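Reader: Got a minute to go through this one with me? I'd like to start with the metal site.

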Amino acid sequence: YAKQQGKGKSQLFCEEFSDQYERKIMLENELKHSMANNELYVVFQTKHDLLSGELVGMESLLRWSHPQLGNISPIEFIPIAEQSHQIIAIGEWVLNESLAYLTDWIKAGHEDLKVSVNISKKQLVDRAFIPTLKILLDRYQVDPGQLELEITESITSEVDDIIPSLVILKELGVGLSIDDFGKGYSSLSVLNTLPIDTLKIDRSFVQSISSTKYGLDIIKSIIDIGKNMDLCVVAEGVETEAHLEELKKLNCPVGQGYYFSKPLTPERIKSEFLEREGAAAIE
Ligand code: C2E
Ligand code: MG
Ligand code: MG
Ligand code: MG
(Lines give C-alpha, C1' and ligand atoms only; values in the text may rest on other atoms or scores of the structure.)
(Ligands and ions follow the chains in the order given, each with its own letter.)
Protein backbone atom coordinates (compact mmCIF):
# COMPACT_ATOMS: atom_id res chain seq x y z
CA TYR A 1 0.00 0.00 0.00
CA ALA A 2 1.10 3.50 -0.82
CA LYS A 3 0.35 4.51 2.76
CA GLN A 4 2.98 2.14 4.17
CA GLN A 5 5.46 2.95 1.44
CA GLY A 6 5.43 6.66 2.22
CA LYS A 7 2.85 9.07 0.99
CA GLY A 8 2.93 10.75 -2.35
CA LYS A 9 1.86 14.37 -2.49
CA SER A 10 -1.48 13.72 -4.10
CA GLN A 11 -2.35 10.96 -1.69
CA LEU A 12 -1.50 13.19 1.26
CA PHE A 13 -3.75 15.80 -0.19
CA CYS A 14 -6.57 13.29 -0.64
CA GLU A 15 -6.29 12.05 2.93
CA GLU A 16 -6.24 15.56 4.31
CA PHE A 17 -9.14 16.46 2.13
CA SER A 18 -11.20 13.50 3.25
CA ASP A 19 -10.32 14.09 6.92
CA GLN A 20 -11.48 17.67 6.59
CA TYR A 21 -14.57 16.55 4.78
CA GLU A 22 -15.39 13.97 7.45
CA ARG A 23 -14.97 16.52 10.21
CA LYS A 24 -17.28 18.87 8.39
CA ILE A 25 -19.98 16.23 8.03
CA MET A 26 -19.55 15.26 11.66
CA LEU A 27 -19.81 18.86 12.88
CA GLU A 28 -22.83 19.45 10.69
CA ASN A 29 -24.56 16.50 12.36
CA GLU A 30 -23.43 17.38 15.86
CA LEU A 31 -24.60 20.94 15.38
CA LYS A 32 -28.14 19.65 14.88
CA HIS A 33 -28.33 18.61 18.54
CA SER A 34 -26.29 21.48 19.93
CA MET A 35 -29.19 23.76 20.78
CA ALA A 36 -31.35 21.07 22.39
CA ASN A 37 -28.33 19.82 24.36
CA ASN A 38 -27.54 23.30 25.68
CA GLU A 39 -24.11 23.26 24.10
CA LEU A 40 -24.44 26.76 22.67
CA TYR A 41 -24.02 29.94 24.65
CA VAL A 42 -23.24 33.57 24.00
CA VAL A 43 -20.40 35.66 25.38
CA PHE A 44 -20.08 39.42 25.13
CA GLN A 45 -17.18 41.69 24.33
CA THR A 46 -17.27 45.34 25.37
CA LYS A 47 -16.83 48.33 23.05
CA HIS A 48 -15.33 51.54 24.37
CA ASP A 49 -15.11 55.21 23.58
CA LEU A 50 -11.39 55.48 22.88
CA LEU A 51 -10.95 58.93 24.42
CA SER A 52 -12.75 58.36 27.72
CA GLY A 53 -12.57 54.58 27.96
CA GLU A 54 -16.30 54.62 28.61
CA LEU A 55 -18.32 51.51 27.83
CA VAL A 56 -20.52 52.18 24.79
CA GLY A 57 -21.81 48.74 23.84
CA MET A 58 -21.29 45.00 23.66
CA GLU A 59 -20.91 42.51 20.84
CA SER A 60 -22.46 39.11 21.36
CA LEU A 61 -20.37 36.19 20.12
CA LEU A 62 -21.59 32.63 19.82
CA ARG A 63 -19.77 29.74 21.50
CA TRP A 64 -20.15 25.97 21.08
CA SER A 65 -18.91 23.64 23.76
CA HIS A 66 -19.27 20.03 22.63
CA PRO A 67 -19.15 17.32 25.35
CA GLN A 68 -16.59 15.19 23.46
CA LEU A 69 -15.03 17.54 20.94
CA GLY A 70 -14.56 20.45 23.33
CA ASN A 71 -14.79 24.08 22.25
CA ILE A 72 -15.29 24.56 18.55
CA SER A 73 -14.50 27.98 17.11
CA PRO A 74 -17.23 29.97 15.35
CA ILE A 75 -14.68 30.43 12.56
CA GLU A 76 -15.14 26.70 11.95
CA PHE A 77 -18.79 26.06 12.76
CA ILE A 78 -20.54 29.24 11.50
CA PRO A 79 -19.74 28.47 7.84
CA ILE A 80 -21.05 24.92 8.40
CA ALA A 81 -24.21 26.31 10.01
CA GLU A 82 -24.59 28.63 7.03
CA GLN A 83 -24.13 25.93 4.38
CA SER A 84 -26.55 23.57 6.13
CA HIS A 85 -29.13 26.32 6.74
CA GLN A 86 -28.95 25.73 10.48
CA ILE A 87 -27.85 29.34 10.88
CA ILE A 88 -31.49 30.39 10.56
CA ALA A 89 -32.53 28.64 13.79
CA ILE A 90 -29.21 29.21 15.53
CA GLY A 91 -29.14 32.88 14.56
CA GLU A 92 -32.64 33.38 15.91
CA TRP A 93 -31.55 31.73 19.16
CA VAL A 94 -28.56 34.10 19.38
CA LEU A 95 -30.80 37.13 18.83
CA ASN A 96 -33.23 35.96 21.50
CA GLU A 97 -30.44 35.27 23.96
CA SER A 98 -28.69 38.58 23.29
CA LEU A 99 -31.90 40.58 23.70
CA ALA A 100 -32.76 38.70 26.90
CA TYR A 101 -29.42 39.69 28.46
CA LEU A 102 -29.73 43.23 27.17
CA THR A 103 -33.16 43.46 28.83
CA ASP A 104 -31.72 42.26 32.15
CA TRP A 105 -28.98 44.86 31.99
CA ILE A 106 -31.39 47.64 31.03
CA LYS A 107 -33.58 46.66 34.00
CA ALA A 108 -30.51 46.76 36.21
CA GLY A 109 -30.14 50.43 35.36
CA HIS A 110 -28.00 50.48 32.21
CA GLU A 111 -30.78 52.05 30.23
CA ASP A 112 -28.75 53.15 27.23
CA LEU A 113 -26.68 50.02 26.71
CA LYS A 114 -26.42 48.69 23.16
CA VAL A 115 -25.87 45.16 21.95
CA SER A 116 -24.52 44.12 18.55
CA VAL A 117 -25.34 40.75 17.04
CA ASN A 118 -23.58 39.14 14.05
CA ILE A 119 -25.93 38.17 11.24
CA SER A 120 -25.23 35.92 8.26
CA LYS A 121 -26.41 36.67 4.76
CA LYS A 122 -28.63 33.57 4.86
CA GLN A 123 -30.53 35.12 7.75
CA LEU A 124 -30.76 38.55 6.19
CA VAL A 125 -32.39 37.25 3.03
CA ASP A 126 -34.67 34.78 4.81
CA ARG A 127 -38.34 35.82 4.54
CA ALA A 128 -39.02 35.12 8.18
CA PHE A 129 -36.09 37.15 9.47
CA ILE A 130 -37.68 40.57 9.82
CA PRO A 131 -41.04 39.33 11.19
CA THR A 132 -39.12 37.24 13.72
CA LEU A 133 -36.94 40.16 14.71
CA LYS A 134 -40.04 42.32 15.23
CA ILE A 135 -41.55 39.65 17.49
CA LEU A 136 -38.36 39.50 19.54
CA LEU A 137 -38.08 43.30 19.89
CA ASP A 138 -41.70 43.32 20.97
CA ARG A 139 -41.24 40.44 23.41
CA TYR A 140 -38.41 42.18 25.20
CA GLN A 141 -39.71 45.71 24.70
CA VAL A 142 -36.26 46.79 23.61
CA ASP A 143 -35.82 50.05 21.73
CA PRO A 144 -34.69 48.94 18.22
CA GLY A 145 -31.97 51.59 18.44
CA GLN A 146 -30.33 49.56 21.19
CA LEU A 147 -29.83 46.63 18.84
CA GLU A 148 -27.19 46.69 16.14
CA LEU A 149 -26.70 44.02 13.50
CA GLU A 150 -23.21 43.34 12.17
CA ILE A 151 -22.87 42.02 8.65
CA THR A 152 -19.51 41.16 7.13
CA GLU A 153 -18.16 43.26 4.33
CA SER A 154 -17.97 40.21 2.05
CA ILE A 155 -21.76 40.09 1.64
CA THR A 156 -22.01 43.72 0.58
CA SER A 157 -20.97 42.64 -2.91
CA GLU A 158 -24.43 41.14 -3.22
CA VAL A 159 -26.19 44.48 -2.81
CA ASP A 160 -29.35 43.60 -4.70
CA ASP A 161 -30.03 40.66 -2.40
CA ILE A 162 -29.46 42.44 0.86
CA ILE A 163 -30.63 46.03 0.31
CA PRO A 164 -34.37 45.36 0.71
CA SER A 165 -33.84 43.86 4.18
CA LEU A 166 -31.37 46.55 5.18
CA VAL A 167 -33.82 49.28 4.21
CA ILE A 168 -36.58 47.75 6.35
CA LEU A 169 -34.21 47.27 9.26
CA LYS A 170 -33.13 50.88 8.99
CA GLU A 171 -36.79 51.97 9.02
CA LEU A 172 -37.34 49.89 12.13
CA GLY A 173 -34.54 51.85 13.75
CA VAL A 174 -32.13 48.93 14.14
CA GLY A 175 -28.46 49.89 13.84
CA LEU A 176 -26.44 48.40 10.98
CA SER A 177 -22.72 47.86 10.96
CA ILE A 178 -20.29 46.57 8.34
CA ASP A 179 -17.95 44.08 10.01
CA ASP A 180 -14.36 43.28 8.99
CA PHE A 181 -14.28 46.40 6.82
CA GLY A 182 -11.26 46.78 4.57
CA LYS A 183 -10.79 43.06 4.13
CA GLY A 184 -13.34 42.71 1.34
CA TYR A 185 -13.85 44.47 -1.92
CA SER A 186 -16.83 46.76 -1.50
CA SER A 187 -16.50 49.81 -3.69
CA LEU A 188 -17.22 53.17 -2.16
CA SER A 189 -20.21 53.69 -4.45
CA VAL A 190 -21.76 50.47 -3.12
CA LEU A 191 -21.04 51.54 0.42
CA ASN A 192 -22.83 54.78 -0.27
CA THR A 193 -26.04 52.97 -1.24
CA LEU A 194 -26.19 50.91 1.96
CA PRO A 195 -28.28 52.36 4.81
CA ILE A 196 -25.60 51.66 7.42
CA ASP A 197 -24.45 53.46 10.56
CA THR A 198 -21.07 51.98 11.40
CA LEU A 199 -17.86 50.63 9.87
CA LYS A 200 -15.81 48.15 11.87
CA ILE A 201 -12.16 48.22 10.82
CA ASP A 202 -10.91 44.67 10.37
CA ARG A 203 -8.56 43.70 13.15
CA SER A 204 -5.76 42.73 10.76
CA PHE A 205 -5.15 46.45 10.11
CA VAL A 206 -5.06 47.30 13.79
CA GLN A 207 -2.71 44.41 14.40
CA SER A 208 -0.36 45.59 11.66
CA ILE A 209 -0.02 49.05 13.27
CA SER A 210 3.08 47.95 15.13
CA SER A 211 4.72 46.10 12.24
CA THR A 212 3.99 48.10 9.11
CA LYS A 213 3.05 51.62 8.16
CA TYR A 214 0.57 50.19 5.68
CA GLY A 215 -1.93 49.25 8.42
CA LEU A 216 -1.96 52.77 9.79
CA ASP A 217 -2.59 54.27 6.33
CA ILE A 218 -5.54 51.99 5.73
CA ILE A 219 -7.00 52.80 9.11
CA LYS A 220 -6.58 56.50 8.36
CA SER A 221 -8.47 56.08 5.06
CA ILE A 222 -11.29 54.13 6.68
CA ILE A 223 -11.69 56.79 9.36
CA ASP A 224 -11.84 59.42 6.58
CA ILE A 225 -14.47 57.42 4.68
CA GLY A 226 -16.47 57.12 7.90
CA LYS A 227 -16.28 60.87 8.51
CA ASN A 228 -17.29 61.71 4.94
CA MET A 229 -20.21 59.30 4.97
CA ASP A 230 -21.27 60.26 8.47
CA LEU A 231 -20.66 56.78 9.88
CA CYS A 232 -19.32 55.74 13.25
CA VAL A 233 -16.01 53.86 13.06
CA VAL A 234 -15.06 51.03 15.41
CA ALA A 235 -11.56 49.54 15.53
CA GLU A 236 -11.53 45.78 16.14
CA GLY A 237 -8.69 43.88 17.77
CA VAL A 238 -7.27 46.65 19.98
CA GLU A 239 -4.76 44.58 21.93
CA THR A 240 -2.15 46.99 23.26
CA GLU A 241 -1.64 50.44 24.68
CA ALA A 242 0.31 51.26 21.50
CA HIS A 243 -2.70 50.34 19.35
CA LEU A 244 -4.88 52.54 21.54
CA GLU A 245 -2.50 55.49 21.31
CA GLU A 246 -2.23 55.31 17.51
CA LEU A 247 -5.99 55.03 17.13
CA LYS A 248 -6.53 58.01 19.41
CA LYS A 249 -4.10 60.06 17.32
CA LEU A 250 -6.24 59.27 14.27
CA ASN A 251 -9.42 60.28 16.14
CA CYS A 252 -10.93 56.83 15.86
CA PRO A 253 -14.01 57.11 18.09
CA VAL A 254 -14.63 53.54 19.29
CA GLY A 255 -12.56 50.39 19.89
CA GLN A 256 -12.96 46.78 20.89
CA GLY A 257 -10.36 44.18 21.77
CA TYR A 258 -8.35 42.28 24.33
CA TYR A 259 -6.82 45.53 25.63
CA PHE A 260 -10.23 46.34 27.10
CA SER A 261 -11.56 42.83 27.62
CA LYS A 262 -11.81 39.36 26.10
CA PRO A 263 -15.31 38.17 25.33
CA LEU A 264 -16.87 37.27 28.71
CA THR A 265 -19.87 35.31 29.92
CA PRO A 266 -22.89 37.49 30.74
CA GLU A 267 -22.24 36.86 34.45
CA ARG A 268 -18.72 38.22 34.20
CA ILE A 269 -19.86 41.15 32.06
CA LYS A 270 -22.24 42.00 34.84
CA SER A 271 -19.73 41.70 37.67
CA GLU A 272 -16.76 43.24 35.86
CA PHE A 273 -18.39 45.99 33.82
CA LEU A 274 -21.90 46.68 35.01
CA GLU A 275 -21.84 46.36 38.78
CA ARG A 276 -18.77 48.41 39.56
CA GLU A 277 -18.80 51.93 40.90
CA GLY A 278 -18.88 54.21 37.87
CA ALA A 279 -19.52 51.08 35.83
CA ALA A 280 -18.77 52.90 32.62
CA ALA A 281 -15.09 53.57 33.30
CA ILE A 282 -12.23 51.20 32.65
CA GLU A 283 -9.31 51.29 35.05
P1 C2E B 1 -16.29 39.12 14.33
O2 C2E B 1 -17.73 39.44 14.34
O3 C2E B 1 -15.39 39.98 13.54
O4 C2E B 1 -15.87 39.10 15.87
C5 C2E B 1 -14.62 39.50 16.36
C6 C2E B 1 -13.73 38.32 16.63
O7 C2E B 1 -12.45 38.79 17.03
C8 C2E B 1 -14.20 37.41 17.75
O9 C2E B 1 -13.79 36.10 17.43
C10 C2E B 1 -13.44 37.95 18.95
O11 C2E B 1 -13.30 37.01 19.99
C12 C2E B 1 -12.12 38.26 18.29
N13 C2E B 1 -11.38 39.30 19.01
C14 C2E B 1 -11.87 40.32 19.75
N15 C2E B 1 -10.88 41.10 20.22
C16 C2E B 1 -9.73 40.59 19.76
C17 C2E B 1 -8.35 40.98 19.91
O18 C2E B 1 -8.00 41.96 20.56
N19 C2E B 1 -7.44 40.20 19.27
C20 C2E B 1 -7.79 39.10 18.54
N21 C2E B 1 -6.82 38.40 17.97
N22 C2E B 1 -9.07 38.71 18.39
C23 C2E B 1 -10.04 39.45 18.99
P24 C2E B 1 -14.77 34.86 17.59
O25 C2E B 1 -15.61 35.03 18.81
O26 C2E B 1 -13.93 33.64 17.45
O27 C2E B 1 -15.72 34.98 16.35
C28 C2E B 1 -15.24 34.84 15.06
C29 C2E B 1 -16.26 35.23 14.03
O30 C2E B 1 -17.35 34.30 14.03
C31 C2E B 1 -16.91 36.58 14.28
O32 C2E B 1 -16.04 37.60 13.83
C33 C2E B 1 -18.17 36.46 13.46
O34 C2E B 1 -17.90 36.71 12.09
C35 C2E B 1 -18.50 34.99 13.63
N36 C2E B 1 -19.56 34.86 14.66
C37 C2E B 1 -19.44 34.79 16.01
N38 C2E B 1 -20.66 34.69 16.59
C39 C2E B 1 -21.57 34.71 15.58
C40 C2E B 1 -23.01 34.65 15.54
O41 C2E B 1 -23.73 34.60 16.54
N42 C2E B 1 -23.57 34.66 14.28
C43 C2E B 1 -22.83 34.76 13.14
N44 C2E B 1 -23.48 34.78 11.96
N45 C2E B 1 -21.49 34.84 13.17
C46 C2E B 1 -20.87 34.81 14.36
MG1 MG C 1 -18.79 41.12 14.56
MG1 MG D 1 -15.00 41.63 12.76
MG1 MG E 1 -15.26 38.34 11.33
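Reader: Which protein donors hold the magnesium ion (ligand 3)?

Author: This is a predicted model. In it, the magnesium ion (ligand 3) has Asp179 (OD), Asp180 (OD) and two OE donors from Glu236, at 1.8 to 2.6 Å.

Reader: How are those donor residues spaced in sequence?

Author: The pattern is D-D-x55-E.

Reader: And what does aspartate 179 bridge?

Author: Aspartate 179 links the magnesium ion (ligand 3) with the magnesium ion (ligand 2), and the two ions lie 4.2 Å apart.

Reader: Is aspartate 179 buried or exposed?

Author: Buried, because its relative accessibility is 5%, and the cut-off for buried is under 20%.

Reader: OK, switching to cysteines. How many disulfides are there?

Author: The count is zero.

Reader: Why no bond for cysteine 232?

Author: Its closest cysteine sulfur, in cysteine 252, is 7.9 Å away, so that is too far for a bond. A disulfide needs the two sulfur atoms within 2.5 Å.

Reader: Are those two buried or exposed?

Author: Cysteine 232 is partly exposed, with a relative accessible area of 32%, while cysteine 252 is buried at 4%.

Reader: Last one, serine 98. Where is it found?

Author: Serine 98 is in helix H3, which covers residues 87–107. At 1% relative accessibility, serine 98 is buried.

Reader: What does its side chain reach?

Author: The side chain of serine 98 reaches the backbone oxygen of valine 94, at 2.7 Å. Leaving aside residues up to four places away in sequence, serine 98 also touches Phe44, Ser60, Val115 and Val117.

Methods:
Residues are numbered from 1 along each chain as its sequence is written. Chains are lettered from A and ligands numbered from 1 in the order in which they are written. This is a predicted model: local features need pLDDT of at least 70, side-chain atom pairs count only at pLDDT 80 or more; totals for chains, interfaces and linings use all residues. Side-chain values use heavy atoms; hydrogens and water are left out. Helices (H or I, at least four residues) and strands (E, at least two) are DSSP runs, numbered from the N terminus. Buried means under 20% relative accessible area, exposed over 50%, partly exposed in between (1.4 Å probe, protein chains only). A polar contact is a pair of N or O atoms within 3.5 Å; within protein, one must be able to donate a hydrogen and the other to accept it, and residues adjacent in sequence count only if both atoms are side-chain atoms. Contact means heavy atoms within 4.5 Å. Donors are N, O and S atoms within 2.8 Å of the metal (3.2 Å for Na, K and Ca); water is not among the atoms, so sites may look incomplete.
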